[in-house]
Structure formats: C-alpha cells, structure tokens
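Reader: Before I accept the labels attached to a model, I would like to see each one set against its cut-off. Could you show me the model and then take my questions in turn?

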Amino acid sequence: QTLLERIAETDASLEIAVKDRESALEDAEEKKEVARQKEREAAAHQADLRRAFLRIDELEQQKRFLLHHFKEKTGTSCVAILETFRYTPTSPLQASQPQQQQHQLSTPQ
C-alpha cells in the first residue's frame, strides 16, 4: 500500500470512529432525558402519595371523632353498626381470590 492509501484508510477509520462516538453520545443523552423524565414522574407520584396519606390521616381522625361521639351519645359501641358496612365480595371471582390486607376498623377507647 502506498502512503496515500494508508492515510485514506486511517481517515475513513477515524470518520467511522467519530460517527460511532457521536451516536453513543446521542444515545447517552436520550438515556439521560428518559432518566430525568422518570425522576419527574417519581417525584409526582411521591407527592400524590404524601397527599393521599395526609387525606387518610384526616379521615382516620374524623372517624375516631365520630365514633367517640357516637359512643358518648348512644352509650353503645359502634362496631356492630360498622360491620354492616364492611365490604363483602359479590362476584365469584372476587370471592375466590385471596383478599388483600384489609384496613381494620378501630374503636376509640
């Protein structure tokens, strides 16, 4: 091979390497953007969870307050009344599946 042919081969190899490097950088940027988007989604979900837990706490406080006042007014525990509102599956599919842990009703003491 002549010197010019070797230079041309080296130049072509360098162009391929540069294109490969540019492509790898573009892929890395795309991956970074996907990761940033996932982080934003995760942060939004965490905020949703925080709001949901706050709402659950508020509802639990309301429930305790109302149960306490019910017992004060009637002199009876409200467990029997609350049991009538407990969820019972009506679909054969729901009845055959194991139920997930249910939130237990608590009575004030």
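Reader: What covers the buried residues of helix 1?

Author: In this predicted model, the cover over the buried residues of helix 1 includes helix 2 (79–83). The buried residues of helix 1 are Ala47, Glu60, Lys63 and Leu67, and that label requires a relative accessible area under 20%.

Reader: What makes Glu60 and Lys63 a salt bridge?

Author: The N to O separation between the side chains of Glu60 and Lys63 is 3.3 Å, and the criterion asks for a Lys or Arg side-chain nitrogen within 4 Å of an Asp or Glu carboxyl oxygen, so the pair qualifies as a salt bridge. Both residues lie in helix 1, 3 residues apart, which is about one turn of the helix, and both Glu60 and Lys63 are buried.

Reader: Which residues are joined into one network by salt bridges that share partners?

Author: That network consists of Glu33, Arg36 and Arg40. Within it, the side chains of Glu33 and Arg36 meet at 3.2 Å, N to O, which is within the 4 Å limit. These two residues are 3 apart in helix 1 (residues 3–74), and are therefore separated by about one helical turn.

Reader: Why is Glu33 called partly exposed?

Author: Its relative accessibility is 37%, and because the class lies between the buried limit of 20% and the exposed limit of 50%, Glu33 counts as partly exposed. The same reasoning applies to Arg36, with 34%, and to Asp48, with 39%.

Reader: How do you know that Asp48 forms a salt bridge with Arg51?

Author: The closest N and O atoms of Asp48 and Arg51 are 2.2 Å apart, which satisfies the 4 Å cut-off. Asp48 and Arg51 also lie 3 residues apart in helix 1, about one turn of the helix. A search of the whole structure finds 6 salt bridges.

Reader: How do you know that the span of helix 1 agrees with what its 72 residues should give?

Author: At 1.5 Å a residue, helix 1 should span 106 Å, and its end C-alpha atoms are 104 Å apart, so the two values agree. Just after helix 1, Gly75 takes a positive phi of about 80°.

Reader: What makes the nonpolar surface patch of about 340 Å²?

Author: The patch is made by Leu3, Leu4 and Ile7. Ile7, found in helix 1, has a relative accessible area of 47%, and because patch residues need over 30%, Ile7 meets that requirement while still counting as partly exposed.

Methods. Residues numbered from 1 in each chain as written. Predicted model: local features only at pLDDT ≥ 70, side-chain atom pairs only at ≥ 80, totals over all residues. Heavy atoms only, no water. Helix = DSSP H or I, 4+ residues; strand = E, 2+ residues; numbered from the N terminus. Buried < 20%, exposed > 50% of the residue type's maximum accessible area, 1.4 Å probe, protein only. Patch = residues over 30% accessible without salt bridge, like charges linked within 9 Å, V, L, I, M, F, W, Y side chains within 5 Å. Areas by Shrake-Rupley, 256 points an atom, 1.4 Å probe, with all protein chains shown as cover. Expected span 1.5 Å × (residues − 1). Contact = heavy atoms within 4.5 Å.
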